[in-house]
Amino acid sequence: MEYPRVIELPKFLDKRGNLSFIEEFKQIPFKIERTYWIYDVPGGEERGGHAYKENEEFIVALSGSFDVVLDNGAEKLKFPLNRSYYGLYIPKGWWRMMDNFSTNSLAMILASIPYSQFDYIRDYKKFLSWKGF
């Protein structure tokens with residue numbers, strides 16, 4: 001099983017403002033098929049709470065901060081994201097949840113496949129069974 005990892009993105013510093021970028025198959029190991037973002041999350045709320053059978057994702061905190069908690073059925077990993085030049089690569093088959101959103105946080109997510117409701121596992125017990133636990 002492939003493991004999630006934080007990837008440092010290119011960063012160009014300039015007194016007028018900094019620039020970072022993401023290119024498929026360069027900074028991330030997949031073709032980008034969908035991009036979406038999460039914002040205006042009320043205090044104390046969580047996002048996610050599901051796994052993907054095939055989709056891979058790359059999550060960047062474009063503004064503010066939040067935590068991504070991942071679970072493969074055997075272990076849990078927590079990744080605080082708070083810099084726009086770091087992103088979290090999440091391979092398929094990991095249960096994911098995002099919480100601890102700061103005020104005005106903005107999460108951008110790049111996905112490896114178009115949206116498909118059939119790719120989701122939304123019940124944790126079914127996820128554990130799918131993983132063989």
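Contact here means that heavy atoms lie within 4.5 Å of each other. The legends below describe a predicted model.

**View 1. The whole protein chain, with one helix and twelve strands.**
Read along the sequence, the elements of the protein chain follow the pattern β-β-β-β-β-β-β-β-β-β-β-β-α. The radius of gyration is 15 Å, close to the 14 Å that the globule rule gives for 133 residues, so the protein chain is as compact as a globular protein of that length. Along its principal axes the C-alpha trace spans about 50 × 35 × 25 Å, and 38% of the 133 residues count as buried. Among the contacts with a separation of 6 or more, 77% join residues that are 24 or more positions apart. The accessible surface comes to about 7,900 Å², and carbon and sulfur atoms account for 50% of that surface. The protein chain carries 18 positive and 18 negative charges, whose mean positions are 1 Å apart.

**View 2. Val68 and the residues around it in the largest nonpolar core.**
Leaving aside neighbours within four places in sequence, Val68 is in contact with Ile59, Leu77, Lys78, Phe79, Leu81, Leu88, Ile90, Met97 and Met98. The largest nonpolar core has 16 residues, and of these Ile59, Phe66, Val68 and Met98 touch the most other members. At least two residues of this core come from each of the strands β6 (57-63), β7 (66-71), β8 (76-81), β9 (86-90) and β11. Strand β7 gives the most to this core, with three residues.

**View 3. A second, separate core of nine residues.**
Among the members of this second core are Ile28, Phe58, Met108 and Leu110.

**View 4. Phe101, a buried residue in a loop.**
Phe101 has its place in the loop between β10 (95-99) and β11 (106-111). Its relative accessible area is 12%, and because buried means under 20%, Phe101 counts as buried. Not counting residues up to four places away in sequence, Phe101 touches Ile38, Val41, Glu45, Arg47, Ser65 and Phe66. Phe101 and Tyr39 are 62 residues apart in sequence, while their C-alpha atoms are 9.2 Å apart in space.

**View 5. Asn100 and Asp40, two loop residues with positive phi.**
Asn100 lies in the loop between β10 and β11, and its phi is positive at about 60° although Asn100 is not a glycine. With a relative accessible area of 51%, Asn100 is exposed, whereas Phe101, in the loop between β10 and β11 as well, is buried. Asp40 lies in the loop between β4 (34-39) and β5 (47-52), and its phi is near 55°, a positive value in a residue other than glycine. The relative accessible area of Asp40 is 62%, and because exposed means over 50%, Asp40 counts as exposed.

**View 6. Ser63 in strand β6, with the residues that it touches.**
Ser63 lies in strand β6 and counts as partly exposed, at 32% relative accessibility. Not counting residues up to four places away in sequence, Ser63 touches Asn104, Ser105 and Leu106. Ser63 and Lys125 are 62 residues apart along the chain, and their C-alpha atoms are separated by 33 Å.

Technical notes: Residues numbered from 1 in each chain as written. Predicted model: local features only at pLDDT ≥ 70, side-chain atom pairs only at ≥ 80, totals over all residues. Heavy atoms only, no water. Helix = DSSP H or I, 4+ residues; strand = E, 2+ residues; numbered from the N terminus. Buried < 20%, exposed > 50% of the residue type's maximum accessible area, 1.4 Å probe, protein only. Core = buried A, V, L, I, M, F, W, Y, C linked by side-chain atoms within 4.5 Å. Rg over C-alpha atoms; globule rule 2.2 N^0.38 Å. Areas by Shrake-Rupley, 256 points an atom, 1.4 Å probe, with all protein chains shown as cover. Lys, Arg positive; Asp, Glu negative; His and termini not counted. Charge placed at Lys NZ, Arg CZ, Asp CG, Glu CD.
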